[in-house]
Amino acid sequence: MLLDINYFNNEDTPSLAYNLIGKFIFRNENGQINHYMITEVEAYHGLLDKASHARFGKTPRNAIMFGKAGYSYIYLCYGVHWLLNIVTGAEGFPAAILIRGIDKTFGPGRVTRKLNINGSFNGKILAPESELWIEELDTIPPKVLELPRVGIDYAEEYRDMPWRFILGS
DNA sequence: CATTCGATCGGG
DNA sequence: CCGATCGAATGA
């Protein structure tokens, strides 16, 4: 089942992120379709989240986070790595879920390399027509670990929020 | 303008 | 531990 705007149009970003573990990213490259289980994500939740790109309000870079759910938000991190996020929540509520791991690949920069995507995919709707989309293949809930997010030591009281989710064993 | 500094990774 | 690498954000 395709997970689209109706699925991601939810303002409980941490719960959406939790529930993304065990779902699948599909990628169509020249007719060759592969899919990868989502194994690690982080939630970036609203204007108040001091770890989020949206914490200073709407800017050209983060505008997509304020838009409709079910779209991609992709940006260059440290001038080197493209990071893939899924926009969530109602229009006007800035939130996104960072994809940090798929299958055996860990690290958000490696995820986009494995999927062979970059900034040209920013702002695309996650659907087969974009050659990048999310599906639920089975409804058995996996074991999920909750941990603090990575690389956001500056986020003050939001630094230790357990908004990083990892597939458990 | 100038400067700082990241939602990282790989190599030594 | 550190350098790469560059654009967003900030402040003058």
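For the surface described here, Ala, Val, Leu, Ile, Met, Phe, Trp, Tyr, Cys and Pro are counted as nonpolar, Asp, Glu, Lys and Arg as charged, and the others, Gly among them, as polar. On that basis the residues of the surface near DNA strand B divide into twelve nonpolar, seven polar and three charged. The structure is a predicted model, and the values reported below are to be read accordingly.

In this model DNA strand B is surrounded by 22 residues, of which the closest are N85, G107, R110, R113 and Y154. Of the atoms of DNA strand B that come within 4 Å of the protein, 53% belong to sugar or phosphate, while the rest belong to bases. Individual polar approaches are found to both kinds of atom. On the side of the bases, an N or O atom in the side chain of N85 is placed 2.5 Å from a base nitrogen of DNA strand B, and a polar side-chain atom of Y75 lies 3.2 Å from a base nitrogen of that strand. On the side of the phosphates, a polar backbone atom of G109 is found 2.9 Å from a phosphate oxygen of DNA strand B. The elements that contribute two or more residues to the surface near this strand are β3 (72–77), β4 (81–87), β5 (95–102) and α3 (108–115), and the largest share, four residues, is supplied by α3.

The surroundings of DNA strand C consist of F56, T59, R61, Y78, G79 and V80. Here sugar and phosphate make up 72% of the atoms of the strand that come within 4 Å of the protein. An N or O atom in the side chain of T59 is positioned 2.7 Å from a phosphate oxygen of DNA strand C, whereas a polar backbone atom of Y78 is 2.5 Å from a base oxygen of DNA strand C. By class, the residues of this surface are three nonpolar, two polar and one charged. R61, which is listed among the surroundings of DNA strand C, also lies over the face of Y75, at 5.4 Å from the ring centre; Y75, in turn, is the residue with a polar side-chain atom 3.2 Å from a base nitrogen of DNA strand B.

Aromatic residues were examined next. A search of the whole structure finds five aromatic pairs, one of which is formed by F26 and W133, a stacked arrangement with 5.4 Å from centre to centre and 20 degrees between the planes. This pair links distant parts of the chain, since F26 belongs to strand β1 (residues 24–29) and W133 to strand β7 (residues 132–135), 107 residues apart. Both F26 and W133 are buried. A further ring is covered by a charge, in that the charged end of K124 sits over the ring of F121, 4.5 Å from its centre.

Strand β1 also holds F24, which counts as buried because its relative accessibility is 10%. Leaving aside neighbours within four places in sequence, F24 is in contact with H35, Y36, M37, W133, I134, E135 and L137. The C-alpha atoms of F24 and G101, which are 77 residues apart in sequence, are 11 Å apart in space.

Two charged residues in loops were considered in detail. R149 is located in the loop between β8 (144–147) and β9 (164–167), and with a relative accessibility of 6% R149 counts as buried. The side chain of R149 makes a polar contact of 2.7 Å with the side chain of D49, and a polar atom of the R149 side chain lies 3.1 Å from the backbone oxygen of Y158. When residues up to four places away in sequence are not counted, R149 touches E42, A43, Y44, D49, A51, Y158, R159, M161, W163 and R164. E136 is found in the loop between β7 and β8; its relative accessible area is 19%, and E136 is therefore classed as buried, the limit being under 20%. The side chain of E136 makes a polar contact of 3.4 Å with the side chain of K23, and, with the same exclusion of residues up to four places away in sequence, E136 touches M1, L3 and K23.

In contrast to these buried residues, N19, in helix α2 (residues 13–20), counts as partly exposed because its relative accessibility is 38%. The C-alpha atoms of N19 and P142 are separated by 8.9 Å, although the two residues are 123 residues apart along the chain.

Definitions and conventions
Residues are numbered from 1 along each chain as its sequence is written. Chains are lettered from A and ligands numbered from 1 in the order in which they are written. This is a predicted model: local features need pLDDT of at least 70, side-chain atom pairs count only at pLDDT 80 or more; totals for chains, interfaces and linings use all residues. Side-chain values use heavy atoms; hydrogens and water are left out. A residue is near a molecule or strand if one of its heavy atoms lies within 4 Å of it. A polar contact is a pair of N or O atoms within 3.5 Å; within protein, one must be able to donate a hydrogen and the other to accept it, and residues adjacent in sequence count only if both atoms are side-chain atoms. Buried means under 20% relative accessible area, exposed over 50%, partly exposed in between (1.4 Å probe, protein chains only). Rings of Phe, Tyr and Trp (its six-membered ring) pair if their centres lie within 6.5 Å; planes under 30 degrees apart count as stacked, over 60 as edge-to-face and the rest as tilted. A charge sits over a ring if NZ of Lys or CZ of Arg is within 6 Å of the ring centre and within 35 degrees of the ring normal. Contact means heavy atoms within 4.5 Å.
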